[in-house]
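Colleague: I am new to reading structures, and I would like a close look at one part of this model. Could you walk me through the largest pocket, and then show me what else is worth a look?

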Amino acid sequence: MARKFLRRYLPDGDAVRGDKRLAWLERWPWLNHPNLWHLNRDSVAGGFAIGLFSGLVPGPLQMLVAALLAIPLKRNLPVALVATLYTNPFTIAPLYLLAYGYGRLLLGAGDPPAEVRHFDWDWAHWLDSAQALAHWAIALGKPLAVGLVALALTLAALGYAAVQLGWRAYVVLAWRRRARRRGAGKAGP
């Protein structure tokens, strides 16, 4: 990950702390830890993993859980919050079906699978749809519960590794480009 790319889209700590609308946050000094806002490989990778893990938390609590994990673990808070956005009304049902299958795989396929009905989200009655989604998920039972935890941990581990490897690859390629430019500049008559 390019630090310049992330800096373009994420706020820095000074900008957040200087925002008058967020002045009430000054009561909590633990929000001033540099890793919560600094863009380094470990902080960003940890924030991304926390966001991927928290994204599978049921209900509208994903960002709250991401913040509650990122702050004490001192990982990048904005990255953790943004990474939870992979779950939304369009992706939640397929992710829960994947988690259900993952849970069945981990628990063993002894019991016949529950009949999985298609779930339709109705934007006109979104509150009723959210309640129906909760009932739909509860009907899937133990395989879903085990699968959600296992999938969240798997996504977090894969996300952490991907950011670490991607960041490292970017740095190595940048070093090589600089070395080529220096070598080209030294070559002369």
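Modeller: Happy to! The largest pocket in this predicted model has a volume of about 570 Å³. A general idea helps here: when a probe the size of a water molecule is rolled over the atoms, it shows where empty space is left. To find the middle of the pocket on your screen, look for P58, G59, P60, I92 and L133, which are the closest to its centre among the 23 residues that line it.

Which elements give two or more residues to this lining? They are α6 (92-107), α7 (126-139) and α8 (141-186). Of the elements, α7 gives the most, with 7 residues. Now try colouring the lining by residue type: you will find 18 nonpolar residues, 5 polar ones and no charged ones.

Let us stay with α6 for a moment, since G103 lies in that helix. Is G103 buried or exposed? Its relative accessible area is 0%, so G103 counts as buried. Leaving aside residues up to four places away in sequence, G103 touches P143, V146 and G147. You can also compare sequence with space here: G103 and A150 are 47 residues apart along the chain, yet their C-alpha atoms are 7.4 Å apart.

Next, turn to a pair of helices. Helix α3 (residues 41-54) and helix α4 (residues 62-73) have axes that come within 9 Å and cross at roughly 145°. The crossing of α3 past α4 is right-handed. On the α3 side, the contact is made by I50, F53 and S54, while α4 brings Q62, V65, A66, L69, A70 and L73. Sorted by type, the residues of this contact are 7 nonpolar and 2 polar, with no charged ones.

Finally, follow the chain on from α4 to K74, which is found in the loop between α4 and α5 (77-83). Here is the background: most residues other than glycine have a negative phi. K74 has a phi near 55°, a positive value in a residue other than glycine. And how exposed is K74? With a relative accessible area of 35%, K74 falls between the 20% and 50% cut-offs, so K74 is called partly exposed. Set beside that, G103 at 0% is buried, which makes the two a handy pair for practising with accessible area.

Notes. Residues numbered from 1 in each chain as written. Predicted model: local features only at pLDDT ≥ 70, side-chain atom pairs only at ≥ 80, totals over all residues. Heavy atoms only, no water. 1 Å grid on protein atoms, 1.4 Å probe; cavity = no way out; pocket = protein on both sides within 12 Å on 5 of 7 lines; lining within 4 Å. Points joined across faces, edges and corners; volume = space filled by probe spheres on them. Helix = DSSP H or I, 4+ residues; strand = E, 2+ residues; numbered from the N terminus. Nonpolar A, V, L, I, M, F, W, Y, C, P; charged D, E, K, R; others polar. Axes fitted to C-alpha atoms, helices over the stretch in contact; angles between N-to-C directions. Left-handed = near helix turned anticlockwise from the far one by under 90°. Contact = heavy atoms within 4.5 Å. Buried < 20%, exposed > 50% of the residue type's maximum accessible area, 1.4 Å probe, protein only.
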